[in-house]
Amino acid sequence: QKAAQKKAFDAEYDKETGASGPREKDYQDLMRDEREEKKAKTDKDIEATTKGNSEEKVKLLGYYAGLYVRIVVEGVPVEFVKNFDPHFPIIAGGLLASEDRL
């Protein structure tokens with residue numbers, strides 16, 4: 001009897017995990033597919049609108065991850081310039097007006 005239960009459990013487990021072949025798409029799979037389709041359509045529309053011009057893309061989307069931004073800082077002490085190591089980047093950041101009370 002235990003062998004029959006184990007066999008039934010293994011068959012059910014294999015069905016759920018797809019070990020015996022492709023499994024049915026569940027809600028999460030459907031949502032991921034829908035999100036990927038929307039992203040592909042949006043990317044296609046943005047590319048068509050901006051025609052590969054990165055400045056136009058920035059105007060449309062704002063600065064997005066992966067872009068480099070040049071920041072000019074004036075009045076930097078000489079010691080900073082002398083000891084600057086380009087292998088250790090400087091991270092610049094700030095807070096939104098609503099975040100200063102955290």
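**Close-up views of a predicted four-helix chain**

**View 1. A salt bridge within α3.** K59 and E56 sit three residues apart in helix α3, about one turn of the helix; helices here are DSSP runs of H or I with at least four residues, strands are runs of E with at least two, and both are numbered from the N terminus. The two side chains form a salt bridge whose closest N and O atoms are 3.6 Å apart (a side-chain nitrogen of Lys or Arg within 4 Å of a carboxyl oxygen of Asp or Glu). K59 is exposed, at 65% relative accessible area, while E56 is partly exposed, at 35%. For these labels, buried means under 20% relative accessible area, exposed means over 50%, and partly exposed lies in between, using a 1.4 Å probe and protein chains only.

A word on the model before we go on: it is predicted, so local features need pLDDT of at least 70 and side-chain atom pairs count only at pLDDT 80 or more, whereas totals for chains, interfaces and linings use all residues. Residues are numbered from 1 along each chain as its sequence is written, and side-chain values use heavy atoms, with hydrogens and water left out.

**View 2. The whole chain.** Here you can find four helices and zero strands, in the order α-α-α-α along the sequence. Of the 102 residues, 4% count as buried. The chain exposes about 10,200 Å², and carbon and sulfur atoms supply 57% of that area; accessible areas come from the Shrake-Rupley method with a 1.4 Å probe, and for residues only the protein chains shown count as cover. By the salt-bridge rule, the count comes to six.

**View 3. Two salt bridges along α2.** Helix α2 has 24 residues and reaches 34 Å from its first C-alpha to its last, close to the 34 Å expected at 1.5 Å a residue (1.5 Å times one less than the number of residues). E34 and K38 meet in a salt bridge of 3.4 Å, N to O, and are four residues apart in α2, about one helical turn. E34 is partly exposed at 35%, and K38 is exposed at 53%. D45 and K41 are also four residues apart in this helix, with their closest N and O atoms 3.1 Å apart in a salt bridge. D45 is partly exposed at 37%; K41, at 54%, counts as exposed.

**View 4. Where α2 meets α3.** The buried residues of α2 are D29, I46 and T50, and they pack against α3. T50 has a relative accessible area of 5%. Leaving aside neighbours within four places in sequence, T50 is in contact with E56, K57 and L60 (contact means heavy atoms within 4.5 Å). After α2 comes K51, with a positive phi near 50 degrees.

**View 5. The two ends of α3.** N53, in the loop between α2 and α3, caps the N-terminal end of α3, with a side-chain oxygen 3.0 Å from the backbone nitrogen of E55. N53 is partly exposed, at 35%. α3 is followed by G62, whose phi is positive, near 85 degrees.

**View 6. A nonpolar surface patch.** This patch of about 990 Å² includes Y63, L67, F80 and V76. V76 lies in the loop between α3 and α4 and is partly exposed, at 32%.

Technical notes: Patches are made of residues with over 30% relative accessible area and no salt bridge: like charges are joined within 9 Å, nonpolar side chains (Val, Leu, Ile, Met, Phe, Trp, Tyr) within 5 Å. A polar contact is a pair of N or O atoms within 3.5 Å; within protein, one must be able to donate a hydrogen and the other to accept it, and residues adjacent in sequence count only if both atoms are side-chain atoms.
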